[in-house]
Amino acid sequence: MDERVAGAAVRSEGAKELARYLQEEIGAGRLRAGVKLPPERELSQRFGASRGSVRRVLADLRERGLIRQSVGSGTFVSDEAESLLDAPPAAVPWFHVPVSPAELMEARRLIEPLLPPMIARNATAADFAAMQHCIEQSEAATTIEDFEHWDGALHKSFALATHNAFFMQILELTNRAREQGEWGRLKRNSLTPQRRAEYEQQHRAIVDALRDRDAAQAAVLMTGHLEQIRRNLFGE
């Protein structure tokens, strides 16, 4: 049986057990194509893994083509899952190579401040509504993992609001890197209540500037926000 269990992104024993269980059940044909998986909350409770760890396991399986996820419908075993598990291991794609938190922040500081001019030019009312939803969900989050999830969703909404496919893909890679275990550990250790409140204020200021179509101000605020995250993560 294939023992690739969610790569470097999966650290906890509960998450490893979840990944192993899903692969074994799919490989043995007990979870057949089209079967709907239990919701994240149920998997989290059953395997003693955090919701964030469950999301990382599912993200890994999705990237490998073993499952498919549909917003509002759930997570399902893919039609190709069993044959993919039976296939010999392939070389690790370049986009699965672990990215260090320092590398991630260096890239984000270069890329994300480029987004505001495109957002100011192309964003729709629906894009701003999505940003507002992410802000409200992140501020209502009761755990660091849920806050981090909606924080990532907000930054992804910035990329989507550019309506530029290249930047959408770049920010998708960014969120994959944020799902790796080392990033989560640093964020948990650095995210104090005061810093979280500062991030929330910065998020609202960035979105307000974008809604005003003030690309220059939004870029300045974005740069400052990312620079503060870098200092908080690495103590520099």
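This is a short walk through one protein chain, from its overall make-up to a few individual residues.

The model is a predicted one. The protein chain has 236 residues, and 45% of them count as buried. There are 12 helices and 2 strands. Along the sequence the order is α-α-α-β-β-α-α-α-α-α-α-α-α-α, so take that pattern as the map for the rest of the talk. On contacts: if you take those between residues at least 6 apart in sequence, 70% join residues at least 24 apart.

Let me take the strands next. S1 covers residues 67-70 and S2 covers residues 74-77. The two pair in the antiparallel sense, over 4 bridges. Gln69 stands opposite Thr75, the latter being in S2. What sits between the two strands of the hairpin? There are 3 residues there, and in this hairpin Gly72 takes a positive phi, near 90°.

Now helix packing. Two packed helices are described by the angle between their axes and the distance between the axes. I have two cases, and H3 appears in both.

The first case is H2, residues 40-47, against H3, residues 51-63. They pack at an angle of about 110°, and their axes are 9 Å apart. Angles of 65 to 115 degrees count as roughly perpendicular, which makes H2 roughly perpendicular to H3. On the H2 side the contact is made by Glu40, Arg41, Leu43 and Ser44. On the H3 side the residues are Arg51, Val54, Arg55 and Leu58. By type, the residues of this contact divide into 3 nonpolar, 1 polar and 4 charged.

The second case is H3 against H8, which is residues 144-162. Here the axes come within 8 Å and cross at roughly 45°. That crossing angle is why H3 and H8 are called oblique to each other. Which residues of H3 make this contact? They are Arg51, Gly52, Arg55 and Arg56, and from H8 they meet Glu145, Asp146 and His149. The division by type is no nonpolar, 2 polar and 5 charged. Arg51 and Arg55 are on the H3 list for the contact with H2, and both names are on the H3 list for the contact with H8.

Next, aromatic pairs. The count comes to 2. In one of them, the rings of Tyr21 and Phe47 have their centres 5.4 Å apart and their planes at 45°, so the pair is tilted. How far apart in the chain are these two residues? They are 26 residues apart, and the pair links distant parts of the chain: Tyr21 is in helix H1, residues 13-27, and Phe47 is in helix H2. Tyr21 has 22% relative accessibility and counts as partly exposed. Phe47, at 14%, counts as buried. The cut-off for buried is under 20%.

Phe166 and Phe167 also form an aromatic pair. Their centres are 5.6 Å apart and the angle between the planes is 85°, which is an edge-to-face arrangement. Is each ring's residue buried or exposed? Phe166 is at 54% relative accessibility and counts as exposed, whereas Phe167 is at 14% and counts as buried.

Now some backbone angles. His163 has a phi near 55°, a positive value in a residue other than glycine. Where is His163? Its place is the loop between H8 and helix H9, the latter being 165-178. The relative accessible area of His163 is 45%, so this residue is partly exposed.

Arg213 is another such residue: phi is near 60°, again positive and again not in a glycine. Arg213 is in the loop between helix H11, 193-211, and helix H12, 215-234. With 40% relative accessibility, Arg213 counts as partly exposed.

One last item, from helix H12 itself. Val220 lies in this helix. The relative accessible area of Val220 is 55%, and that is why this residue is classed as exposed. Pro116 is 104 residues from Val220 along the chain, and the C-alpha atoms of the two are separated by 9.6 Å.

To recap the packing: H2 is roughly perpendicular to H3, while H3 and H8 are oblique to each other. That is the end of my part.

Notes: Residues numbered from 1 in each chain as written. Predicted model: local features only at pLDDT ≥ 70, side-chain atom pairs only at ≥ 80, totals over all residues. Heavy atoms only, no water. Pairing = 2+ DSSP bridges. Axes fitted to C-alpha atoms, helices over the stretch in contact; angles between N-to-C directions. Parallel < 35°, antiparallel > 145°, perpendicular 65-115°, else oblique. Contact = heavy atoms within 4.5 Å. Nonpolar A, V, L, I, M, F, W, Y, C, P; charged D, E, K, R; others polar. Phe/Tyr/Trp six-rings, centres within 6.5 Å; stacked < 30°, edge-to-face > 60°. Buried < 20%, exposed > 50% of the residue type's maximum accessible area, 1.4 Å probe, protein only.
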